[in-house]
Amino acid sequence: MNSSKDILIIGGGIIGLSLAVELKLRGASVAVLTADSKQPTARAAAGMLAPQAERIPPSPMLDLCLQSRALYPAWVEQLENITGLKTGYWRSGILAPVCQNEPQEKPLLSTLNSQWLDRDTVRQHQFGLGQEVIGGWWYPDDAQVDNRALFRTLQAATKELQIEIIQGNAGEIIRQGNRVVGIETTAGKFQADRYVLAAGPWSEKLLDISVFPRKGQMLSVCVPEDCGVIQPLQTVLFGTGIYIVPRQDGRIIIGATSENVDFTPGNTPAGMQSLLAGAIKLYPELQNYPILEFWWGFRPATPDEWPILGASAWENLTWATGHYRNGILLAPVTAKLLADLMGNQNSDPLLAAFHYSRFGASALT
């Protein structure tokens with residue numbers, strides 16, 4: 001039996017590592033159980049920090065996302081200072097083009113910074129948009145981070161801070177009464193005073209919780225060397241069912257499908273065709289760019305597409321799962337609010353909206 005940590009985090013993705021770093025910086029003794037250092041969930045993302053472009057309606061979810069977006073600059077600076085690595089944070093803004101025959105809906109919250117750009121203005125803002133684009137909404141406060149670079153930086157931060165990483169697959173979570181008393185893994189049996197379940201789409205395999213996988217396919221292209229500039233696309237393009245995310249090194253990420261196919265792996269011709277058709281419609285020059293890579297991953301979805309955060313039915317287990325499309329965006333605020341909750345029992349009122357009990361009796365057995 002392995003023992004002695006204050007807190008064992010089950011899940012070594014962006015959420016689990018972010019919380020581990022935050023807890024360690026606050027003085028806790030932390031270990032992280034991770035099944036796969038490649039983290040397919042972290043890969044199934046483009047790193048958009050886009051609560052406005054995503055058109056999240058006024059709600060606790062929007063409040064959570066806006067709070068996390070505001071935390072991002074200082075959070076990544078702290079991680080970069082700890083590790084000496086870059087996360088690729090870029091306040092590029094996000095442009096949501098509107099094409100012919102699409103509704104020209106106004107932003108849901110007029111108090112947030114946004115601007116409508118007409119056909120001519122939107123082309124001055126970003127050269128090379130498709131002929132069907134009749135305008136677009138500009139969200140200057142939305143941003144992006146390179147999700148893979150962020151994950152590498154978080155991994156490096158756990159090493160710098162000497163956080164124990166346990167490589168192994170989680171098996172049974174052992175419970176007695178209203179407490180968790182241990183976890184069986186392929187690396188042995190582990191105990192801690194407190195536990196966090198941050199296993200993303202695999203959470204439901206460990207405890208009865210309303211989280212399920214939603215597959216996302218993606219691809220990347222690169223700007224040709226003879227283009228004359230490293231990156232002609234200077235903002236994220238967020239269209240209907242498609243997004244195009246430029247990186248400052250010349251890569252361009254295109255995503256993403258959203259498929260209810262359980263854990264079925266692999267890219268499909270239909271998935272790639274839909275992404276390429278949607279991207280080329282918005283930014284036709286992409287059809288000439290070399291393809292770099294195809295990949296896929298599984299997002300942790302819930303019935304209402306909000307995460308499950310905070311207290312569980314067991315007094316020493318905390319939920320940090322179900323972030324669906326917003327795991328990258330919500331990493332800093334999840335780490336902060338849950339560290340506050342676990343460190344000094346300070347429960348932010350915002351957490352009440354993300355309590356597991358909203359799905360009924362789930363997670364009670």
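Select Gly-27 to begin, the residue just after helix α1, and you will find that it takes a positive phi of about 100°. Keep in mind throughout the tour that this is a predicted model.

From Gly-27, step back into α1 itself, a helix of 12 residues that reaches 17 Å from its first C-alpha to its last, which is close to the 16 Å expected at 1.5 Å a residue. If you display the surroundings of α1, you will see that 10 of its 12 residues are buried, so this helix is largely enclosed by the rest of the structure. Among the buried residues of α1 are Ile-14, Leu-17, Val-21 and Glu-22, and the last of these, Glu-22, will return in a later selection, where salt bridges are traced.

Next, select Arg-26 together with Asp-340, which form a salt bridge whose closest N and O atoms are 2.6 Å apart. Asp-340 sits in helix α7 (residues 327-344) while Arg-26 belongs to the loop between α1 (14-25) and β2 (30-34), so this pair ties together parts that are 314 residues apart in sequence. Which of the two partners is buried? Asp-340 counts as buried, at 14% relative accessibility, whereas Arg-26 counts as partly exposed, at 40%.

Now add Glu-22 and Lys-336 to the selection, since salt bridges that share partners join Glu-22, Arg-26, Lys-336 and Asp-340 into one network.

With Asp-340 still in view, extend the selection to the whole of α7, which has 18 residues and reaches 24 Å from its first C-alpha to its last, close to the 26 Å expected at 1.5 Å a residue. Follow the helix along its length and pause at Val-333, where α7 bends by about 35°. Of the 18 residues of α7, 15 are buried, so this helix, too, is largely enclosed by the rest of the structure. Just after α7 comes Gln-345, which takes a positive phi of about 55°.

Move on to Glu-54 and Arg-325, whose side chains meet in a salt bridge with a distance of 3.3 Å, N to O. Glu-54 lies in the loop between β3 (48-49) and α3 (60-83), and Arg-325 lies in the loop between β18 (317-321) and α7, so the pair ties together parts that are 271 residues apart in sequence. Arg-325 is partly exposed, with a relative accessible area of 31%.

Keep these two residues selected and turn to the second largest pocket, in which about 710 Å³ of space lies. Of the 32 residues that line this pocket, the closest to its centre are Ala-53, Glu-54, Arg-55, Phe-238 and Arg-325. To see more of the lining, colour β4 (94-99), β6 (133-139), β13 (236-239) and β14 (242-246), each of which supplies at least two residues; β4 gives the most, with three residues. Colouring the lining by residue type divides it into 16 nonpolar, nine polar and seven charged residues.

For the last stop, select Glu-164 and Lys-5, whose side chains meet in a salt bridge at 3.7 Å, N to O. Glu-164 lies in strand β8 (residues 164-167) and Lys-5 in strand β1 (residues 2-10), so the pair ties together parts that are 159 residues apart in sequence. Glu-164 is partly exposed, with a relative accessible area of 34%, and Lys-5 likewise counts as partly exposed, at 22% relative accessibility. A search of the whole structure finds 15 salt bridges, which leaves further pairs to look for in the viewer.

Definitions and conventions
Residues numbered from 1 in each chain as written. Predicted model: local features only at pLDDT ≥ 70, side-chain atom pairs only at ≥ 80, totals over all residues. Heavy atoms only, no water. 1 Å grid on protein atoms, 1.4 Å probe; cavity = no way out; pocket = protein on both sides within 12 Å on 5 of 7 lines; lining within 4 Å. Points joined across faces, edges and corners; volume = space filled by probe spheres on them. Helix = DSSP H or I, 4+ residues; strand = E, 2+ residues; numbered from the N terminus. Nonpolar A, V, L, I, M, F, W, Y, C, P; charged D, E, K, R; others polar. Salt bridge = Lys/Arg side-chain N within 4 Å of Asp/Glu carboxyl O. Buried < 20%, exposed > 50% of the residue type's maximum accessible area, 1.4 Å probe, protein only. Expected span 1.5 Å × (residues − 1). Bend = angle between axes of the 7 residues up to and from the residue.
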